Amino acid sequence: LLKKCLKIMSKKDSFVQRVLSGVQPTGGLHIGNYLGAIKNFIPLQEKYESLFCVVDLHAITVWQDPNELLLNKREVAAAFIASGIDPSKSIIFNQSNVPEHTQLSWVLNCVARIGWLNRMTQFKDKAGKNRENVSVGLYTYPILMASDIMIYKATHVPVGEDQKQHLELTRDIVLKFNNDFKVNLFPMPEPIIMEKAARIMSLRDGAKKMSKSDASEYSRIMLTDSDDEISKKIKKAKTDAKPLPDTIKELERMPEANNLLTIFSAFEEEKFDLVFKRYQGKNFSDLKKDLIEIVINKIGPIRQEMIKLTNDEKYLEDILKSGSEKAEHIASGVLKEVYDATGLKF
Ligand code: TYM
């Protein structure tokens with residue numbers, strides 16, 4: 001028995017520690033995407049083999065204008081690099097250029113259960129009352145996401161909090177696949193979710209997540225916003241008439257104030273409690289004035305670099321091309337193992 005356990009343990013440990021995350025190329029990126037996800041990719045690439053994917057196949061679960069999709073894909077790749085992802089350390093690539101994602105996805109469609117998908121709250125939110133009329137892809141989207149992770153045997157997945165349930169589904173699929181086929185093919189992926197910045201809220205409504213699909217542009221700050229736009233949006237951000245409270249307990253009942261302090265602390269990489277202490281009892285105008293300066297200082301250089309990169313089509317194309325070659329090298333090996341394990345390989 002001991003021998004057997006040691007064998008399983010050594011197998012478990014033999015997985016390469018690998019990071020994978022993806023971002024949809026739909027309608028630009030906001031500071032929620034940046035603080036909740038992209039910013040956290042940067043230190044991980046120093047420690048792990050890392051893959052960062054522009055997930056265009058996820059984007060088309062909702063209709064996209066083909067020309068805009070192309071531009072948005074470039075923008076996400078540029079945002080990755082401008083934020084500090086180093087193409088010589090990490091693999092940056094485009095999902096549809098590595099067909100193994102969709103090939104594995106079919107196999108996983110046959111492993112995952114309908115009941116599991118029916119529990120996905122993001123589908124319920126996105127489909128709303130229109131449930132009978134959204135694409136089938138929107139429904140099976142979390143399985144493609146599991147495939148993105150599993151096709152690289154990723155062990156760590158940095159995401160914002162809204163992706164937590166999808167990660168749990170991936171873990172269920174990993175477990176069932178390994179059990180069904182009596183293999184130890186896939187490692188159990190661990191989510192990496194920031195404590196507070198994992199859920200940046202709308203600037204207009206502290207109860208709603210900051211989102212690309214919100215009707216109000218004032219609800220979000222985009223990575224491409226000008227200094228002027230950043231300043232206007234923060235000035236207009238919803239706050240209370242009274243000053244900031246004196247205790248954290250009171251602050252918890254003030255979601256908009258909480259959100260502004262969270263954004264401050266995430267950009268400054270300063271402990272939330274310390275930031276709160278500095279502004280407790282003060283007027284919102286004091287906090288907003290400082291926050292405008294911080295956001296402009298942090299976003300400005302990223303925006304400039306994004307503009308430079310998106311103008312250099314050839315550079316971006318080369319990076320994505322070499323990224324997808326490297327990604328496919330890993331993915332094709334894993335797909336082969338999956339086909340062997342499932343009897344699909346003849
Ligand atoms: P997407 O494109 O909606 O968002 C990209 C990343 O940004 C995070 N995020 C936020 N974080 C904090 N506050 C917010 N308001 C906020 N809004 C978005 C998301 O959690 C995400 O990490 N399904 C994924 C993309 C995906 C993926 C994957 C991620 C596809 N395959 C495999 C990881 C691994 C999505 O739609 O993210």
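Reader: Which elements each supply at least two residues of the shell around the ligand?

Author: β1 (18-23), α2 (31-47) and α8 (136-150) each do that. Keep in mind that this is a predicted model.

Reader: And how many residues surround the ligand, and which are the closest?

Author: There are 28 residues around the ligand, and the closest are Gln24, Tyr141, Asp148, Asp162 and Ile200. By type, the shell divides into 13 nonpolar, 10 polar and 5 charged residues.

Reader: What makes the pair between Gln24 and the ligand a polar contact?

Author: Set the distance against the cut-off. A polar side-chain atom of Gln24 is 2.8 Å from an oxygen atom of the ligand. A polar contact needs a pair of N or O atoms within 3.5 Å, so this pair counts. Tyr141 has a pair of that kind too: an N or O atom of the Tyr141 side chain lies 2.6 Å from a ligand oxygen. Met210 uses its backbone instead, with a polar atom there 3.0 Å from a nitrogen atom of the ligand. As for cover, on its own the ligand has 710 Å² of accessible area, and the protein covers 96% of that.

Reader: Which pocket does the ligand take?

Author: The largest pocket is the space taken by the ligand.

Reader: Back to α8. Why is Ser147 called buried or exposed?

Author: Ser147 is in helix α8. Its relative accessibility is 0%, and buried means under 20%, so Ser147 counts as buried. A polar atom of the Ser147 side chain also lies 2.6 Å from the backbone oxygen of His101.

Reader: How do you know whether Ser324 counts as buried or exposed?

Author: Same kind of check. Ser324 belongs to helix α15 (residues 313-342). At 7% relative accessibility it falls under the 20% limit, so Ser324 is buried. Compare its position with Val62: the two are 262 residues apart along the chain, and their C-alpha atoms are separated by 24 Å.

Reader: What is the phi of Lys153?

Author: Lys153 has a positive phi of about 50 degrees, although it is not a glycine. Lys153 sits in the loop between α8 and β4 (156-158). At 14% relative accessibility, under the 20% cut-off, Lys153 counts as buried.

Reader: And what makes Glu269 buried or exposed?

Author: Glu269 is in the loop between α12 (255-268) and α13 (272-279). It has a positive phi of about 50 degrees and is not a glycine. Exposed means over 50%, and Glu269 comes out at 63% relative accessibility, so it counts as exposed.

How values were computed:
Residues are numbered from 1 along each chain as its sequence is written. This is a predicted model: local features need pLDDT of at least 70, side-chain atom pairs count only at pLDDT 80 or more; totals for chains, interfaces and linings use all residues. Side-chain values use heavy atoms; hydrogens and water are left out. A residue is near a molecule or strand if one of its heavy atoms lies within 4 Å of it. A polar contact is a pair of N or O atoms within 3.5 Å; within protein, one must be able to donate a hydrogen and the other to accept it, and residues adjacent in sequence count only if both atoms are side-chain atoms. Accessible areas come from the Shrake-Rupley method with a 1.4 Å probe; for residues, only the protein chains shown count as cover. On a 1 Å grid over the protein atoms alone, a cavity is a set of points where a 1.4 Å probe fits but cannot get out, and a pocket is an open set with protein on both sides within 12 Å along at least five of seven lines; lining residues have an atom within 4 Å of a point. A molecule sits in a cavity or pocket if more than half of its atoms lie within 2 Å of its grid points. Helices (H or I, at least four residues) and strands (E, at least two) are DSSP runs, numbered from the N terminus. Ala, Val, Leu, Ile, Met, Phe, Trp, Tyr, Cys and Pro count as nonpolar, Asp, Glu, Lys and Arg as charged, and the others, Gly among them, as polar. Buried means under 20% relative accessible area, exposed over 50%, partly exposed in between (1.4 Å probe, protein chains only).
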